[in-house]
Structures are given as C-alpha cells and as structure tokens.
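Open the model in your viewer and keep the selection panel at hand. The stops below go from the whole chain to one side chain.

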Amino acid sequence: MALDHEVAREQDQREVSTATVVAYVVAAVVLFGWFLYGWLVLRQGFVNSIGEAAGTGFALLLIVSIVGTVRRSRR
C-alpha cells in the first residue's frame, strides 16, 4: 500500500515550467496595470478598480482552467 501512495504522489508532483511562471508574472503585472489605469487615469474609484481587476483576473483563471482541462483530456 505504501508503494502505491508514493507512486501516486510522484505522479501528482510535476514541476512548473519556466514559461508558465513567466506567463503568470506577466498576467499579474498586466492586472496590476489595469487596476492602476482604472484608478488613476479613469478615476473610477479605488474599490471599483479593485473589483474590475479582480473580475478580469477571475476571467483569466477560468480561461486557463478550461484550456488545461482540454489539454489534459487529449492525453
């Protein structure tokens, strides 16, 4: 039994590629820029800017989740 659990843990632990980390950092910088643009340039308010940036971030996470599901189902 212990051997089965070790094999399962090793298969679940995959390294994250450098491209994935770079893509997440770029997305975070773009979301922060979107927040600053709404807050400082459009002057739409602090809370509204946070909400808009958070909504955009959740939409990006949903897209990443769907793409990941499609890619995993093809394997």
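The tour starts with the ground rules and then moves to selections.

This is a predicted model: local features need pLDDT of at least 70, side-chain atom pairs count only at pLDDT 80 or more, and totals for chains, interfaces and linings use all residues. Residues are numbered from 1 along each chain as its sequence is written, and side-chain values use heavy atoms, without hydrogens and water.

**Whole protein.** Show the cartoon. You get three helices and zero strands, in the order α-α-α from the N terminus. Helices are DSSP runs of H or I with at least four residues; strands are runs of E with at least two; numbering starts at the N terminus. Now turn on the surface. About 6,600 Å² is exposed, 66% of it from carbon and sulfur atoms (Shrake-Rupley method, 1.4 Å probe). Of the 75 residues, 8% are buried, that is, under 20% relative accessible area with a 1.4 Å probe, protein chains only.

**Select 18-41.** This is helix α2, with 24 residues. Its end C-alpha atoms lie 33 Å apart, which agrees with the 34 Å expected at 1.5 Å a residue. The expected span is 1.5 Å times one less than the number of residues. Pick Leu31, Phe35 and Gly38: these α2 residues are buried. The buried residues of α2 pack against α3 (46-73).

**Select Leu31.** Which residues does Leu31 contact, leaving aside neighbours within four places in sequence? They are Ala53, Thr56, Gly57 and Leu60 (contact: heavy atoms within 4.5 Å). Add Glu52: its C-alpha atom is 9.3 Å from that of Leu31, with the two positions 21 residues apart along the chain.

**Select Arg43.** Arg43 follows α2 and has a positive phi, near 55°.

Definitions and conventions. Buried means under 20% relative accessible area, exposed over 50%, partly exposed in between (1.4 Å probe, protein chains only).
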